[in-house]
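Here is a brief report on one protein model and its ligand. Keep the structure open while you read.

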Amino acid sequence: MTPLGDLIARRIAADGPITVADYMTDCLLHPAHGYYMTRDPLGAAGDFTTAPEISQIFGELIGLALAQAWIEQGRPAPFALAELGPGRGTLMADMLRASRAVPGFHDALRVHLVEASPALRARQAAALSGHDPAWHDSVEGLAGMPLFLVANEFFDALPVRQFLRANDAWRERVIGLRDGALAFGLAAPAPFAALADRLADTAEGDLVELRAAADPVMAALGARIDAHGGAALIVDYGDWGSRGDTLQAVRGHDHVDPLAEPGAADLTAHVDFRALARSAGVPVAGPVHQGVLLERLGATARARALARGLAGDALESHVAAHRRLTHPAEMGTLFKAIALHPPDTPPPPGFAS
Ligand code: SAH
């Protein structure tokens, strides 16, 4: 058991079983032992990789889509170019580089980053030197100005609670102790107001996930976009509606038991885009499959242009990276995107209205 596992086990022994959400929060964000707080988990040498780490095409196209939305909204100045959970800062760096040629964009923007991890803030500072980013602990810190924002693989890291349908009530999945080791269990059946609408589209024994922490984030983004203009592109793995147990732990690019190494493995659950959209309070376009979105934004043309300067292994891995981002058998359909936009403006490019 990891040091964090011992802490959690002692807490359960004293106070009783904890929810999956409490477990995720401790595993990811515990100040001393949390997975994101202590390390850079990304890249080939880390535990998992993400679209911006796979190819610069991803950040370039997203950056240009946001720049186009900014132009269509009358080039407001100043505005916030913002990101939730920027990881190594690669996505923001690619967005900034690709948008350099957009007249007035860089003069008007100020980079704002929402990041919990001190280790990753340091990586972001290095990747974005010269752009003077401002860091925030939460979206509440984002200034009241037009907001053009991206969040890639941010919401999947926010904690979920899990509930098993039992007649017309729900049994919450909890984590307790069995023979001294962490083990899943089920709380007693109880009605649960936030799941009242799920009685209509679930059956006995179905499991649903609720991500309460996402609601205030979405509401805050929507309120800023409604009041000041802007757009928010949210990309993640998941679906429209939540169904089934999607809690997963990844370490060294392999799936591991979510209870085996608390704090030492990444822990995520699929994103319910329907739930995100409901909390936004502004129009939401999509979901669009990541592969479709990137191709609509010009991924193939960009990939061809980049390929012209490459040969041998570099060319092969470039072609593989484009395929990985867009092909339905890879990230193309598992990953989806939605876009928040003001009521009186069309969705950003790539999102049919
Ligand atoms: N967007 C990046 C990194 C994804 S990993 C990429 O695509 O490569 C998830 C990111 O969200 C990390 O930067 C992590 O530290 C951050 N994060 C996770 N939970 C957070 C929270 N509650 N508040 C702020 N940042 C969080």
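Strands here are DSSP runs of E with at least two residues, numbered from the N terminus. By that count, Pro287 lies in strand 15, residues 284–289. The model is predicted.

**Unusual backbone spots**

Start with Pro287. The peptide bond that leads to Pro287 from Gly286 is cis, and its omega is near 5°. A cis peptide bond also joins Ala77 and Pro78, with omega about -5°. Pro78 belongs to a loop, the one between helix 5 (56–72) and strand 2 (79–84).

Asp179 stands out for its phi. That angle is positive, about 50°, although Asp179 is not a glycine. Look for Asp179 in the loop that links strand 7 (169–178) and strand 8 (181–186).

**Strand 11 and its partners**

Strand 11 covers residues 248–251 and pairs with strand 13, residues 266–268. The two run antiparallel, joined by three bridges. Within this pair, Val250 stands opposite Asp266.

Strand 11 also pairs with strand 12, residues 254–256. Again the direction is antiparallel, and three bridges join the two. Here Ala249 of strand 11 faces Val256 of strand 12. Strands 11 and 12 form a hairpin, with two residues between them. Gly252 sits in the turn and has a positive phi of about 55°.

**The ligand site**

Where does the ligand sit? It occupies the largest pocket. The ligand is surrounded by 18 residues. The closest are Thr50, Gly85, Gly87, Glu115 and Asn152. By class, the shell holds ten nonpolar, five polar and three charged residues.

Which atoms of Gly85, Gly87 and Glu115 come up to the ligand? The table lists the pairs.

| Residue | Protein atom | Ligand atom | Distance |
|---|---|---|---|
| Gly85 | backbone N or O | nitrogen | 2.7 Å |
| Gly87 | backbone N or O | oxygen | 3.0 Å |
| Glu115 | side-chain N or O | oxygen | 2.5 Å |

Gly85 and Gly87 thus appear with backbone atoms, while Glu115 appears with a side-chain atom. How much of the ligand does the protein bury? Taken alone, the ligand exposes 570 Å², and the protein buries 94% of that.

**Where to look**

For the ligand, go to the largest pocket and find Glu115 at 2.5 Å from a ligand oxygen. For the backbone, visit the cis bonds before Pro78 and Pro287. Then turn to the positive phi angles of Asp179 and Gly252.

Conventions. Residues numbered from 1 in each chain as written. Predicted model: local features only at pLDDT ≥ 70, side-chain atom pairs only at ≥ 80, totals over all residues. Heavy atoms only, no water. Pairing = 2+ DSSP bridges. Helix = DSSP H or I, 4+ residues; strand = E, 2+ residues; numbered from the N terminus. Near = heavy atom within 4 Å. Polar contact = N/O pair within 3.5 Å; in protein donor to acceptor, adjacent residues only side chain to side chain. Areas by Shrake-Rupley, 256 points an atom, 1.4 Å probe, with all protein chains shown as cover. 1 Å grid on protein atoms, 1.4 Å probe; cavity = no way out; pocket = protein on both sides within 12 Å on 5 of 7 lines; lining within 4 Å. Sits in = over half its atoms within 2 Å of the grid points. Nonpolar A, V, L, I, M, F, W, Y, C, P; charged D, E, K, R; others polar.
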